[in-house]
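Thank you all for coming. Please have a look at the model first, and then I will talk about where the ligand is found.

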Amino acid sequence: MGDYKVWRVLSLFLLVVIAARGDLSYDFYKTRCPQAEKIVMDVMVNATLSDRRIGASILRMHFHDCFVEGCDGSILIDSTPTNRAEKDFPANFPSIRGFDVIDAAKAAVEKVCPGIVSCADILAFAARDGVHLSHGPFWDIRSGRRDGRVSMFNRVPLFLPPPTSNITQLVTSFAAKNLSKSDLVFLSGGHTIGFSLCSSFNSRLYNFTGRGDQDPALDASLAQTLKGQCPRPPTRVDPIVPMEKTPFKVDTKYFKGVLKRRGLFTSDSALLNDPFTKSLVIKSAADESFFLGNFIQSMIKMSELEVKTGSKGEIRKKCHVIN
Ligand code: HEM
């Protein structure tokens with residue numbers, strides 16, 4: 001066989017391998033369902049009109065989806081009599097919100113292109129749109145994610161770091177997803193929008209070491225304000241508070257807050273406990289385009305985590321139940 005023939009056989013073989021991998025692509029729905037992204041954006045625009053927080057809530061839902069079984073819509077699946085799903089794990093229930101919006105987006109897309117667009121892609125689009133509708137940047141997303149058929153309650157704590165995590169635990173759990181220390185910082189910047197239940201950080205206010213004390217790493221005046229908003233446990237009321245000063249706007253306030261020891265969670269404050277992550281917090285606080293450019297890159301990495309493509313998984317008919 002001449003050199004040319006060998007080259008042709010090789011490149012044909014490569015093409016077949018690439019096609020079989022069924023990787024994500026920018027034009028995945030170009031012929032299959034060209035309206036898909038626009039339909040999701042319209043639903044998000046509508047949802048934002050009645051609920052300015054929805055973008056933040058769906059961004060968080062996407063993070064919780066991607067860290068457990070990859071970005072495959074597993075967080076959307078309801079529990080059944082024989083399976084307790086991710087959705088019901090305490091990190092998700094009751095604080096994850098926006099399932100109704102994803103269902104609405106899926107229903108709207110199904111009307112136009114039945115059986116084509118996955119719930120996993122819809123969630124990735126909606127999270128990106130949520131950031132944009134919160135005065136944040138917009139970026140292109142590769143699609144072709146397929147929906148998972150597995151969603152297990154017990155798998156959530158294996159991958160999702162709790163808000164009490166220290167820097168070592170955060171770095172380790174991000175590294176398990178091939179995400180770097182830089183990704184940890186920029187993605188924590190997701191906390192530039194949204195709210196938190198008091199129960200997610202109450203121990204920092206009232207019982208940090210088990211002796212009824214306050215976390216010394218939390219700015220004392222913020223702790224005082226938060227105590228006015230969050231009742232001392234045990235209590236059945238669990239109010240929400242903004243995570244930083246401008247909870248509807250993507251900006252650098254989150255990082256500025258962290259630097260002033262005003263990050264809401266131990267996991268936010270922890271970013272100051274490593275010289276490298278601290279240096280990125282300082283840079284992000286000072287330079288919005290530095291933060292946003294890097295946030296986009298890290299979001300793209302996160303939203304492509306362990307995706308199912310090609311013949312893996314399925315295209316769910318309804319996002320909350322496997323076919
Ligand atoms: C680094 C580890 C992280 C921890 C420990 C963490 C923890 C938390 C906690 C405890 C809440 C409050 C939940 C509640 O009580 O309502 C929260 C909210 C939020 N998180 Fe994170 N998070 C982390 C990373 C991320 C990432 C990577 C993103 C997205 C890129 C993100 C986006 C959000 C958003 C937008 C909210 C507000 C949600 C809403 O308003 O409904 N977080 N996070």
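The ligand sits in the largest pocket, where sitting there means that more than half of its atoms lie within 2 Å of the grid points of the pocket. A pocket here, on a 1 Å grid over the protein atoms alone, is an open set of points where a 1.4 Å probe fits, with protein on both sides within 12 Å along at least five of seven lines, and lining residues have an atom within 4 Å of a point.

This is a predicted model, in which local features need pLDDT of at least 70 and side-chain atom pairs count only at pLDDT 80 or more, while totals for chains, interfaces and linings use all residues. Residues are numbered from 1 along each chain as its sequence is written, and side-chain values use heavy atoms, with hydrogens and water left out.

Which residues come nearest to the ligand? Of the 27 residues around it (a heavy atom within 4 Å), these are Arg53, Ser57, His191, Phe195 and Ser200. The side chain of Ser57 places an N or O atom 2.7 Å from an oxygen atom of the ligand, whereas the side chain of His191 has an N or O atom 2.9 Å from a nitrogen atom of the ligand. From Phe195 it is a backbone N or O atom that lies 2.8 Å from an oxygen atom of the ligand.

Because domain 1 (24-159) and domain 2 (167-302) both give residues to this shell, the ligand lies between them; the domain bounds come from an automatic or database domain assignment.

Conventions: A polar contact is a pair of N or O atoms within 3.5 Å; within protein, one must be able to donate a hydrogen and the other to accept it, and residues adjacent in sequence count only if both atoms are side-chain atoms.
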